[in-house]
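Biologist: Could you walk me through this model, one question at a time?

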Amino acid sequence: MQTGQGQSPGRFFMISTRRGILLRRIVYLIILGCLLAGCQTAAPIVENTPVPPAAAATATTVVPEPAATLPPPATSTVVPTATAVSPPTATAIPSPTPFVPEPAGRIGLERIADGFFKPLGIEHAGDGRLFVLEQTGTIRILENGQVRPAPFLDITDRVNSNANEQGLLGLAFHPAYAANGRFFLNYSRFDGATVIAEYRVNTADPNTADRNSEKVLLVIAQPYENHNGGQIRFGPDGYLYIGMGDGGSQGDPLNAGQSPDNLLGSLLRIDVDRGDPYGIPAGNPFAGDPAARPEIWAKGLRNPWRFSFDRETGDLFIADVGQNEWEEINFQPAGSAGGENYGWRRYEGSHCYTGGCSDAGLIMPIGEYSHAGGHCSVTGGFVYRGADFPELRENYFFADYCSGTFWRLFPLADGTWDQAIVGRVPILVSSFGEDLNGELYVTSHAEGAVYRLIP
């Protein structure tokens with residue numbers, strides 16, 4: 001065990017690392033390197049048909065029913081049909097970037113818990129607990145530095161995590177969770193389809209959920225195994241936002257990002273408190289367009305793996321995973337009427353990709369970085385609103401999955417944005433989390449650990 005400058009074991013940047021961590025990281029990158037990145041996965045899913053109305057699936061089903069027996073939303077049309085397209089040749093998996101300590105005075109990471117299996121997310125429920133998502137279908141509670149032995153929820157019998165970008169991908173607690181016990185999940189079904197479902201906490205035990213309470217709200221067919229999006233989050237308006245990737249393969253062969261009649265390649269917004277199984281908010285930009293899906297809030301996204309709202313301003317930051325060269329951070333100011341087009345597949349970041357080089361009608365990213373230097377896939381974070389390093393309040397933090405590089409993105413006086421590297425660590429940063437007090441955390445996918453950002 002090596003330590004630096006008198007720091008205690010279990011910390012990074014001038015903080016200790018464990019022997020062999022780089023070797024493990026290389027091995028895991030070979031196995032998991034495609035996670036969230038722009039590389040092609042296996043052949044397209046054979047079943048890719050619209051889901052007609054039918055009886056709702058029950059939560060007790062061990063093996064989910066075929067796609068034809070699960071219901072689409074009553075307020076929607078049909079799940080978008082996608083024509084199977086042969087995926088192109090796979091791109092190379094980036095090599096891991098060696099650990100490079102950053103100068104003192106920048107942020108660091110402190111390991112606070114480990115023993116998780118492929119953690120992909122951290123959420124809080126309005127109290128001191130942190131809920132850690134494991135890709136295979138379990139949610140575990142981290143409280144006072146200890147991981148509870150029994151999971152909050154285990155639905156591994158319903159979740160398909162066979163491909164790198166499939167699994168239990170998102171968790172959102174209802175704004176009134178303390179009173180109603182409702183929370184929502186985004187997971188991959190065994191046919192590859194995305195499922196958005198509601199669950200409820202066990203009324204007799206706040207540390208366990210009722211796995212038999214599942215109510216399926218939305219099923220979206222996935223033509224390929226990658227670019228499934230994953231994040232779901234309640235906005236300041238009380239509506240549920242859902243990040244959907246373009247459906248996979250490479251180069252968006254279905255042009256989903258620019259097709260308003262396709263839920264893929266979009267940020268969706270639905271009302272989970274009205275309608276059956278949900279309602280369409282009256283302010284959704286395509287609600288009155290018969291040629292578009294009314295759930296769509298914004299378009300032009302490739303794989304919005306993680307997005308977040310600034311807890312103080314309501315501004316929205318969307319980290320969109322790039323194709324082969326550029327990763328990007330998109331921005332939507334609070335009070336927006338929606339309908340933004342963030343450019344994919346016409347643009348990758350601020351760079352022309354296909355279909356002409358006019359950016360007319362597009363919203364360009366406020367931040368981006370290239371794949372040079374071992375970068376491969378952006379992991380979006382949060383605007384920092386905690387107390388540990390007040391000089392960095394109002395800075396948006398994000399990281400790269402492969403290189404472990406951390407950036408902060410901040411506004412300038414002229415209305416533009418700038419970004420700066422604040423550290424680099426030898427872990428696969430799969431997700432950020434925010435606790436009740438605004439302090440930030442990250443999950444290490446390969447190590448199965450949770451870290452807290454520290455000065």
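Modeller: Happily; a few questions and answers on pockets, backbone, sheet and cores follow.

Modeller: This is a predicted model, where local features need pLDDT of at least 70, side-chain atom pairs count only at pLDDT 80 or more, and totals for chains, interfaces and linings use all residues. Residues are numbered from 1 along each chain as its sequence is written, and side-chain values use heavy atoms, with hydrogens and water left out.

Biologist: Which strand gives the most residues to the lining of the largest pocket?

Modeller: A pocket here is an open set of points on a 1 Å grid over the protein atoms alone, where a 1.4 Å probe fits, with protein on both sides within 12 Å along at least five of seven lines; lining residues have an atom within 4 Å of a point. The largest pocket is lined by 20 residues, and His 124, Phe 173, Arg 233, Phe 234 and Glu 434 lie nearest its centre. Strands (DSSP runs of E, at least two residues, numbered from the N terminus) that give two or more residues to this lining are strand 2 (119-124), strand 7 (168-173) and strand 11 (232-234). With three residues, the one that gives the most is strand 7.

Biologist: What is the volume of the largest pocket?

Modeller: Grid points are joined across faces, edges and corners, and a volume is the space filled by probe spheres set on the points. For the largest pocket, this comes to about 570 Å³.

Biologist: Where does the cis peptide bond from Trp 344 to Arg 345 lie?

Modeller: Most peptide bonds are trans. The bond from Trp 344 to Arg 345 is cis, with omega near 15°. Arg 345 is in the loop between strand 17 (326-332) and strand 18 (347-348).

Biologist: And where is Pro 277, which follows Asp 276 through a cis bond?

Modeller: The peptide bond from Asp 276 to Pro 277 has omega near 5°. Pro 277 lies in the loop between strand 13 (266-270) and strand 14 (296-298).

Biologist: Is Ser 249 buried or exposed?

Modeller: Ser 249 has a positive phi of about 60° although it is not a glycine, and its place is in the loop between strand 12 (240-244) and strand 13. Buried means under 20% relative accessible area, exposed over 50%, and partly exposed in between (1.4 Å probe, protein chains only). Ser 249 has 2% relative accessibility, so it counts as buried.

Biologist: What is the relative accessibility of Asp 252?

Modeller: Asp 252 lies in the loop between strand 12 and strand 13, and has a positive phi of about 50° although it is not a glycine. Asp 252 counts as buried, because its relative accessibility is 0%.

Biologist: Which residue stands opposite Met 244?

Modeller: Two strands pair if DSSP finds at least two bridges between them. An open sheet of four strands has the order 11-12-13-14, with antiparallel pairing, and its edge strands are strand 11 and strand 14. Strand 12 and strand 13 pair over five bridges. Opposite Met 244, in strand 13, stands Ser 266.

Biologist: Which strand gives the largest share of the largest nonpolar core?

Modeller: A nonpolar core is a set of buried Ala, Val, Leu, Ile, Met, Phe, Trp, Tyr and Cys residues joined through side-chain atoms within 4.5 Å. The largest has 24 residues, and Ile 139, Phe 152, Leu 153, Phe 183, Leu 185 and Tyr 187 touch the most other members. The largest share, four residues, comes from strand 9.
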